[in-house]
Amino acid sequence: MVVRNGITALRTESPITLTFDGTSPVAIPGYLDFKVENHVSITGLMQRIDMFDFTAGSYEQEDERAATTTDSTATAVGTNPGRFVQPGTLTLRSRMRVKPGGPVFTNTWRSYTDMVSWDVG
């Protein structure tokens, strides 16, 4: 998936936000990891992975790192993983956000996401 940065109202917002939903094979997992294989078109960008905590009703940051210009895989590990599985539907929800980590010298850039997956058990 190729996504171009968009316009944001605030500098704290991420110009790219991708949300992914899946289904857990178990209601109360012993472990839960979310993996993203991604790269970006310019240096100076940060990549953040959040998992949705259905108990708290909000996203929780699980990983943040400098985004790379070549494919790399980031793995976010959910502690107390049962809270990231929606009771009844067994829905999993994670998101990846990309934003500048400081000044960037172009107003258009892209994020290239090749693969996302959950490892649940």
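These are my notebook entries on the sheets, salt bridges, loop residues and largest pocket of a predicted model.

**Entry 1. First sheet**

I began with the strand order. One open sheet has four strands in the order β1-β8-β3-β6, and its pairing is antiparallel. β1 (2–4) and β6 are the edge strands; each has a single partner strand, so one side of each has no neighbour in the sheet. From one strand to the next, the twist averages 30 degrees.

I then looked up how β1 is attached. Three bridges connect β1 with strand β8 (residues 110–120), and the two run antiparallel. For a residue-level check I took V3, which stands opposite S111 in β8.

**Entry 2. Second sheet**

Another open sheet of four strands has the order β2-β7-β4-β5, again listed as antiparallel in its pairing. Its edges are β2 (16–23) and β5 (58–66); each has a single partner strand, so one side of each is left without a neighbour in the sheet. With direction ignored, neighbouring strands here are turned by 20 degrees against each other on average.

I went through two of the pairings. β2 and β7 run antiparallel and are joined by eight bridges; in this pairing G22 stands opposite L92 in β7. β4 and β5 are also antiparallel, with eight bridges between them. There I noted F52, whose bridge partner in β5 is Y59. As background, strands of a sheet pair through backbone hydrogen bonds, either parallel or antiparallel.

**Entry 3. Faces of β2**

Which residues of β2 point to the buried face? I found I16, L18, F20 and G22 on one face, and these are buried. T17, T19, D21 and T23 point to the other face and are not buried. In general, side chains in a regular strand alternate between the two faces of the sheet.

**Entry 4. Salt bridges around D50**

The structure holds seven salt bridges, and I followed up those of D50 and D53. D50 forms one with R48, the closest N and O atoms being 2.9 Å apart. D50 has a relative accessible area of 0% and is therefore buried, whereas R48 is partly exposed at 26% relative accessibility.

D50 also forms a salt bridge with R95, where the closest N and O atoms are 2.8 Å apart. This pair links distant parts of the chain, since D50 is in strand β4 (residues 45–53) and R95 in strand β7 (residues 91–100), 45 residues apart. Both D50 and R95 are buried.

**Entry 5. D53 and R83**

The next salt bridge I looked up is between D53 and R83, with the closest N and O atoms 2.9 Å apart. D53 lies in strand β4 and R83 in the loop between β6 (72–77) and β7, so the pair ties together parts that are 30 residues apart in sequence. Buried means under 20% relative accessible area. D53 is at 7% relative accessibility and so counts as buried. R83 has a relative accessible area of 15%, so R83 is buried too. I also noted that salt bridges with shared partners join R48, D50, R95 and R97 into one network.

**Entry 6. Positive phi**

I checked backbone angles in the loop between β6 and β7. What is phi of N80 there? It is near 50 degrees, a positive value in a residue other than glycine. N80 lies in the loop between β6 and β7 and counts as exposed, at 58% relative accessibility.

L90 has a positive phi as well, near 60 degrees, and is likewise a residue other than glycine. L90 is placed in the loop between β6 and β7. With a relative accessible area of 21%, L90 is partly exposed. For context, most residues other than glycine have a negative phi.

**Entry 7. Largest pocket**

Last, I looked up the largest pocket. Its volume is about 290 Å³. How many residues line the largest pocket? The lining has 14 residues, of which T8, R11, E13, P15 and P100 lie nearest the centre of the pocket. By class, the lining residues are four nonpolar, six polar and four charged.

Technical notes: Residues are numbered from 1 along each chain as its sequence is written. This is a predicted model: local features need pLDDT of at least 70, side-chain atom pairs count only at pLDDT 80 or more; totals for chains, interfaces and linings use all residues. Side-chain values use heavy atoms; hydrogens and water are left out. On a 1 Å grid over the protein atoms alone, a cavity is a set of points where a 1.4 Å probe fits but cannot get out, and a pocket is an open set with protein on both sides within 12 Å along at least five of seven lines; lining residues have an atom within 4 Å of a point. Grid points are joined across faces, edges and corners, and a volume is the space filled by probe spheres set on the points. Ala, Val, Leu, Ile, Met, Phe, Trp, Tyr, Cys and Pro count as nonpolar, Asp, Glu, Lys and Arg as charged, and the others, Gly among them, as polar. A salt bridge is a side-chain nitrogen of Lys or Arg within 4 Å of a carboxyl oxygen of Asp or Glu. Buried means under 20% relative accessible area, exposed over 50%, partly exposed in between (1.4 Å probe, protein chains only). Two strands pair if DSSP finds at least two bridges between them. Axes are lines fitted to C-alpha atoms, for helices over the stretch in contact, and angles run from 0 to 180 degrees between N-to-C directions.
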